[in-house]
Amino acid sequence: SESLMSYIEYNSIALLFFVCRLTEYLHFVGRVKILTSTIARSLEDITYFLIMLMILLMGFAGMINIVFSESNPKFRTFGDSLVSCLLMQIGEFDIREMQKGFPCTCLLYTSPSPRDRQKSRMPSSACKKKKKKKK
C-alpha cells in the first residue's frame, strides 16, 4: 500500500509537469494564451496568498496541537496536527473524538455545516452534558 501511494504521488507530479509543458506548447492557441498570460500576471499575488494561507494553517495546527494533544492521539505531534487540520478542512474528522477532551474548546475548530442539518456537529450539547455530569 505504501508503494502504491508513492506511485500515485510520483504520477501526480509527472502529470503536473506534463500539463505545464502542454500549456507551453499550446501557447499559440488564443484561449490558452489568454489563460497562461493571466496566470503569469497574477503569479505574484497567488504566491503571497499561498504564503499567508500556509502561515495561517501552521498557526492553526500549532494551536490545535497545544489544545488537543493530550486528549487525542491524532494531534500528538505538530506534523500529525497539520495533517489532521488539512483533513478537517475537507470534512474528514470525527467531532466526538474532539469533544472527549475539551468539549467547549472544540467550538473554535468546528462549526455547524449547512449540509449536515440532520446531524448536530455543534458541541454545545456536549458542554451542557459535561456540566451536568460535574454536578
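This passage looks at helix 3 and the way it packs against helix 2 in a predicted model.

Start with the overall picture. The protein chain is built from 5 helices and 0 strands, so reading along the sequence simply gives α-α-α-α-α. Of its 135 residues, 21% are buried. As for how far along the sequence contacts reach, take those with a separation of 6 or more: residues 24 or more positions apart account for 39% of them.

Helix 3 itself covers residues 78-89. With 12 residues at 1.5 Å a residue, helix 3 should span 16 Å, and its end C-alpha atoms are indeed 16 Å apart, so expectation and model agree. Its buried residues are Ser81, Leu82, Ser84, Cys85 and Met88. Viewed down the axis of helix 3, these buried residues fall within an arc of 165°, which means that they line one face of the helix. The general geometry helps here: an α-helix has 3.6 residues a turn, so residues three or four places apart point the same way. Just past the end of helix 3, Gly91 takes a positive phi of about 90°.

What does helix 3 meet on helix 2? From helix 2, the residues involved are Leu57, Met58, Phe60, Ala61, Gly62, Ile64 and Asn65. Their partners in helix 3 are Phe78, Ser81, Leu82, Cys85, Leu86, Met88 and Gln89. Helix 2 runs over residues 30-68, and the two helices pack at an angle of about 115° with their axes 8 Å apart. Helix 2 and helix 3 are therefore roughly perpendicular to each other, an angle of 65 to 115 degrees being what counts as such. The crossing of helix 2 past helix 3 is right-handed.

Two residues give a closer view of this contact, one from each helix. On the helix 2 side sits Ala61, which counts as buried because its relative accessibility is 0%. Leaving aside residues up to four places away in sequence, Ala61 touches Phe78, Ser81, Leu82 and Cys85. Phe78 lies 17 residues from Ala61 along the chain, yet the C-alpha atoms of the two are separated by 6.8 Å.

On the other side, Ser81 belongs to helix 3. Is Ser81 buried or exposed? At 0% relative accessibility, Ser81 counts as buried, the cut-off being under 20%. With residues up to four places away in sequence again left out, Ser81 touches Ala61, Ile64, Asn65, Lys74 and Phe75. Among these, Ala61, Ile64 and Asn65 are also listed on the helix 2 side of the packing.

Methods. Residues numbered from 1 in each chain as written. Predicted model: local features only at pLDDT ≥ 70, side-chain atom pairs only at ≥ 80, totals over all residues. Heavy atoms only, no water. Helix = DSSP H or I, 4+ residues; strand = E, 2+ residues; numbered from the N terminus. Expected span 1.5 Å × (residues − 1). Buried < 20%, exposed > 50% of the residue type's maximum accessible area, 1.4 Å probe, protein only. Arc of directions from axis to C-beta. Contact = heavy atoms within 4.5 Å. Axes fitted to C-alpha atoms, helices over the stretch in contact; angles between N-to-C directions. Parallel < 35°, antiparallel > 145°, perpendicular 65-115°, else oblique. Left-handed = near helix turned anticlockwise from the far one by under 90°.
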